[in-house]
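Let's take a walk through this protein together. Have the structure open and turn it around as you read.

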Amino acid sequence: MKILITFLAILACILVGLTYFKNNDQPVSNNMIEETIETKRLLPESSLSQQLPEKTTDSSISDEISTQQTVNSFTQLLEKLTPHEQEKYLTLNKQLFGALDFTDNNTYEIWLKQGFPSVREINYLSQYDRKDLGLTLFNGASSYPIFTDEPSLNLPALSAINLIETIAELETVVRFYFPNYQQGEPFPVTSKWPNGERPEQVNEVLRSIITSYASVREQNAIEYLARARYEQLSFGMGEGQSNATTVLTKLAKADKKLGGNNNLFNYVKQHYPEHIEEYEKLRNEKDIN
């Protein structure tokens with residue numbers, strides 16, 4: 001019964017989201033945005049797909065990076081990977097507020113239990129169309145946390161990274177119109193778009209985000225971080241407004257799950273300086289989990 005209720009709740013979120021993003025759903029004739037997205041999505045992966053089998057069966061990070069030697073830092077982990085894999089992790093770390101950058105083995109072990117993604121999980125996501133993948137992960141919600149399509153893979157990590165990458169695609173589209181748009185800035189209000197309407201390419205990615213968001217639970221640190229990234233978009237807020245408190249709450253919950261993460265604190269200090277006291281209070285609340 002609990003699983004059914006959860007599934008129905010997620011479905012309701014999708015229906016509400018589809019209704020919200022339907023507004024200003026007008027096509028544009030310019031195909032340059034699609035080319036930009038496809039370049040971002042496909043070109044870096046084309047050479048990768050030649051190196052990997054179509055499917056992977058073991059997501060153990062220890063198998064991938066030979067952890068018979070203790071991994072004591074994010075830098076040490078990266079040294080064991082190919083340049084392409086390093087770039088993937090560095091990009092993901094930036095998108096996750098720098099939280100992956102651990103500096104001791106104990107933190108790393110905690111992170112493994114909280115959704116630290118393996119190379120194979122990151123690569124698995126690159127093999128599929130974003131829309132199809134979102135539906136696949138959403139359909140896996142009823143078996144959470146087991147990913148029935150590939151039981152050896154980590155469903156929380158897959159869902160979280162898929163949401164992160166979908167948001168990255170949205171930001172790529174936004175930068176076509178607003179070149180200075182940066183991670184963490186509120187999504188442009190409707191009146192700011194050309195002719196006061198969001199282009200169809202934008203709406204298409206927004207629809208993908210709805211499904212991607214719905215497949216992410218709030219159980220592990222990586223899921224809280226992914227949802228914090230979503231909240232930074234501040235959908236439905238007026239111009240000049242942001243979702244700062246909601247973002248900080250999810251960051252604080254991730255911080256607690258990780259047993260304290262100074263990288264998250266430093267991110268808040270740099271990007272939300274006026275809310276630093278609020279964040280410290282949130283991360284110290286005993287019942288925040």
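At what angle do the axes of helix 8 and helix 9 cross? Keep in mind that this is a predicted model. Helix 8 covers residues 130-139 and helix 9 covers residues 155-177; their axes cross at roughly 150 degrees and come within 11 Å. The crossing of helix 8 past helix 9 is left-handed.

Now zoom in on the residues that touch. Helix 8 brings R130, L133, G134 and L137 to the meeting, while helix 9 answers with L155, L158, S159, N162, E165, T166 and E169. Sort the residues of this contact by class and you get a mixed bag: four nonpolar, four polar and three charged.

Next, the rings. There are 18 aromatic pairs in the structure. One of them joins Y89 and F116, which are stacked, with 5.8 Å from centre to centre and 25 degrees between the planes. Why call that stacked? Because planes under 30 degrees apart count as stacked. This pair ties together distant parts of the chain, 27 residues apart: Y89 belongs to helix 5 (residues 83-95), and F116 to the loop between helix 6 (105-113) and helix 7 (119-125). Both Y89 and F116 are buried.

Further along, look for a cluster of rings. Ring pairs connect F176, Y177, F178, F187, W193, Y213, Y230 and F235. Y213 has another partner too: the charged end of R227 sits over its ring, 4.1 Å from the centre. You'll find a similar arrangement at Y144, where the charged end of R217 sits over the ring, 4.5 Å from its centre.

Note on methods
Residues are numbered from 1 along each chain as its sequence is written. This is a predicted model: local features need pLDDT of at least 70, side-chain atom pairs count only at pLDDT 80 or more; totals for chains, interfaces and linings use all residues. Side-chain values use heavy atoms; hydrogens and water are left out. Axes are lines fitted to C-alpha atoms, for helices over the stretch in contact, and angles run from 0 to 180 degrees between N-to-C directions. Helices (H or I, at least four residues) and strands (E, at least two) are DSSP runs, numbered from the N terminus. A crossing is left-handed if the near helix is turned anticlockwise from the far one by less than a right angle, and right-handed if clockwise. Contact means heavy atoms within 4.5 Å. Ala, Val, Leu, Ile, Met, Phe, Trp, Tyr, Cys and Pro count as nonpolar, Asp, Glu, Lys and Arg as charged, and the others, Gly among them, as polar. Rings of Phe, Tyr and Trp (its six-membered ring) pair if their centres lie within 6.5 Å; planes under 30 degrees apart count as stacked, over 60 as edge-to-face and the rest as tilted. Buried means under 20% relative accessible area, exposed over 50%, partly exposed in between (1.4 Å probe, protein chains only). A charge sits over a ring if NZ of Lys or CZ of Arg is within 6 Å of the ring centre and within 35 degrees of the ring normal.
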